[in-house]
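Work through the exercises below with the sequence and the structure open side by side, and try each task before reading its solution.

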Amino acid sequence: MPEAPKEPQKATEYDYDLSEKNNKTLQFIEDVTTNAGQVQNRVLAEILSRNAHVEYLKRNGLNGHTDRETFKKIMPVVTYEDIQPDITRVANGDKSPILCSQPISEFLTSSGTSGGERKLMPTIEEELGRRSLLYSLLMPVISQFVPGLDKGKGMYFLFIKSEAKTPGGLVARPVLTSYYKSSHFKNRPYDPYTNYTSPNETILCLDSYQSMYSQMLCGLCQNKEVLRVGAVFASGFIRAIRFLEKHWTLLCKDIRTGTLSTQITDPSVREAVMKILKPDPKLADFIEAECSRESWQGIITRLWPNTKYVDVIVTGTMSQYIPTLDYYSNGLPLVCTMYASSECYFGVNLNPLCKTSEVSYTLIPTMAYFEFLPVHRNNGGINSISMPKSLNEKEQQELVDLVDVKVGQEYELVVTTYAGLYRYRVGDVLRVAGFKNDAPKFNFICRKNVVLSIDSDKTDEVELQNAVKNAVTHLMPFNAHLTEYTSYADTKTIPGHYVLYWELNIHGSTPIPPSVYEDCCLTIEESLNTVYRQNRVCESIGPLEIKIVEVGTFDKLMDYAISLGASINQYKTPRCVKFAPIVELLNSRVISSNFSPKCPKWTPGHKQWINMN
Ligand code: AMP
């Protein structure tokens, strides 16, 4: 721990400024949550008056109205597929005001997909300001609970991904890539709260090995200064630890000698790292000793001894990583600070040291106009949500405003943004946990329909079904048929990977060689969406595995479900399993395990754009 000052120090001008700045931010949160209703009305009126003449609103007959009642009566609640023709026009170069009166500056490529491709979310220049504002709320909030965070650095593993151009010439890239490349991030004025161990150049390096290596090296060199560590999602942080496991000898060599590995070839990265890297044999010895110990339990607190918390999102599907994070960090608090998407940044966790199972996010009413569609779930099953594809008039009227949601009720989030989405269904299901003044706090429950996820990938049941359908064609020559299957996101391996359990009915006499199952694995991977394939290519997801199980295994699975109270008449094989005893049951009856022999194909951008650019 940093030494306590020997005698009381006078507050410097700088200290005073910081606490005043924090107080201002907290007051902002107080104000917008107290006046959430009025703020939401103002935001909606602002969006509608600015965009009164855009084609989409005129087409729907809004006629320049800016009031809530008319808006709710006239405008349809939509999904991506509904607005895709308009998005495609913008992507193809139509510059007329279709969705928004301000020019669309770029597309943000969501990890949610449509037809296997990333969804394209329009954005405008000023949205960067809104995103920056949300980020600026995080540190003043956590500083109320963890003092002294301005006295050291954050070690965050942050990465950019490749970008593509739409046929009309607009850039299409993930929202974080857009943010890190913007001047809001790159040219941020000095602020003790955005003082990171990773120089910008290491974050902005597209080569994932060089980026990770240099960020890890800089983090190790400044190990005593680090007060918090993190990544955006838990999976990314665990990948960094895994990287250290693989590469610590090389990293120690660099620290010992003060020279940078020749594998780091990017000149700007080399220059930035060399400003930090100095020969430090003592530190190299220390890291070597810690990393060569048999157990890696608590490696975070051992190598970065002043760390107070791990800043990663572990709500939603990322909760599968909590045990691994607890192990590596010796139970440091896991802090989920914010809830955001490509469509819009939504909200912050005002009680960041709470238990991970109790995390709730307060939506910030200035970010967008929010509405909520009540969700009624079957059997309490996380993924078995009865959600109509498109809503009838009555259902559209069921949408409630931010201030009118009820504690304990679950809702699907619907947003109207400054960048031209109107009553757009985000696809997330949230539950009201309570209120901060007039603004609700939400637990993140799940993303609609997603069955499998390891990193940013989100695979739904239909995609999985189609992929399996394509793969089983390899079994035909052997007169073998797939009788049942299910899947499991195995995060015990690093990186995690998809596992499919297959039960076969084999009539042919020729045994099926392992290479055929490997072909099946690869066909499934080739059939999955672009986000899955990209994660495979950059090794955030491991090779897909098919486990062939004994005949009768799925009957046993049904027996087990019925013993737990499922109804025989209504029993359906779950297409994804999570419950540990069920996974154990399946694993106990595995005849053979087969892995995908190589990565599926992936290129940035939409398939359709390749010949158009
Ligand atoms: P993307 O559009 O690719 O940026 O992904 C946004 C989605 O990630 C959201 O709609 C959520 O489903 C998920 N997500 C973002 N933040 C969180 C969070 N704090 N907890 C759980 N899921 C989150």
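The expected span of a helix is 1.5 Å times one less than its number of residues. The model used throughout these exercises is a predicted one.

**Exercise 1. Compare the expected span of helix H11 with the distance between its end C-alpha atoms.**

Solution. Begin with the length of the helix: H11 covers residues 234-257, which makes 24 residues. At 1.5 Å a residue, the helix should therefore span 34 Å, and the end C-alpha atoms, at 32 Å apart, agree with that expectation. Next, follow the axis along the helix, where a kink of about 75° is centred on His247. Finally, step past the end of the helix to Gly258, which comes just after H11 and takes a positive phi of about 75°.

**Exercise 2. Determine which residues and which elements surround the ligand.**

Solution. Start from the shell, which holds 15 residues, the closest being Ser111, Thr315, Met338, Ser342 and Asp428. Sorted by character, the shell divides into seven nonpolar, five polar and three charged residues. Now look for polar side-chain atoms beside the oxygen atoms of the ligand: an N or O atom in the side chain of Ser111 is 2.5 Å from one such oxygen, a polar side-chain atom of Ser342 lies 2.8 Å from a ligand oxygen, and for Ser110 the corresponding distance is 3.4 Å. The protein covers 91% of the 490 Å² of accessible area that the ligand has on its own. Lastly, assign the shell to elements: those giving two or more residues are strands E1 (106-114), E9 (338-340), E15 (424-436) and E16 (439-447), and E9 gives the most, with three residues.

**Exercise 3. Locate Asn437 and Pro495, and describe the backbone at each.**

Solution. Take Asn437, which is found in the loop between E15 and E16; although Asn437 is not a glycine, its phi is positive, at about 50°. Then move to Pro495, in the loop between strand E19 (480-490) and strand E20 (497-506). The peptide bond that joins Ile494 and Pro495 is cis, with omega at about -5°.

**Exercise 4. State what the UniProt record places at residues 463-579, and describe that span in the model.**

Solution. First consult the record: an unreviewed UniProt entry places the feature "domain: GH3 C-terminal" at these residues. Then turn to the model, in which the span 463-579 is 36% helix and 22% strand, while its end C-alpha atoms lie 22 Å apart.

Key: Residues numbered from 1 in each chain as written. Predicted model: local features only at pLDDT ≥ 70, side-chain atom pairs only at ≥ 80, totals over all residues. Heavy atoms only, no water. UniProt positions renumbered as here; feature names shortened; annotations may be inferred. Helix = DSSP H or I, 4+ residues; strand = E, 2+ residues; numbered from the N terminus. Near = heavy atom within 4 Å. Polar contact = N/O pair within 3.5 Å; in protein donor to acceptor, adjacent residues only side chain to side chain. Areas by Shrake-Rupley, 256 points an atom, 1.4 Å probe, with all protein chains shown as cover. Nonpolar A, V, L, I, M, F, W, Y, C, P; charged D, E, K, R; others polar. Bend = angle between axes of the 7 residues up to and from the residue.
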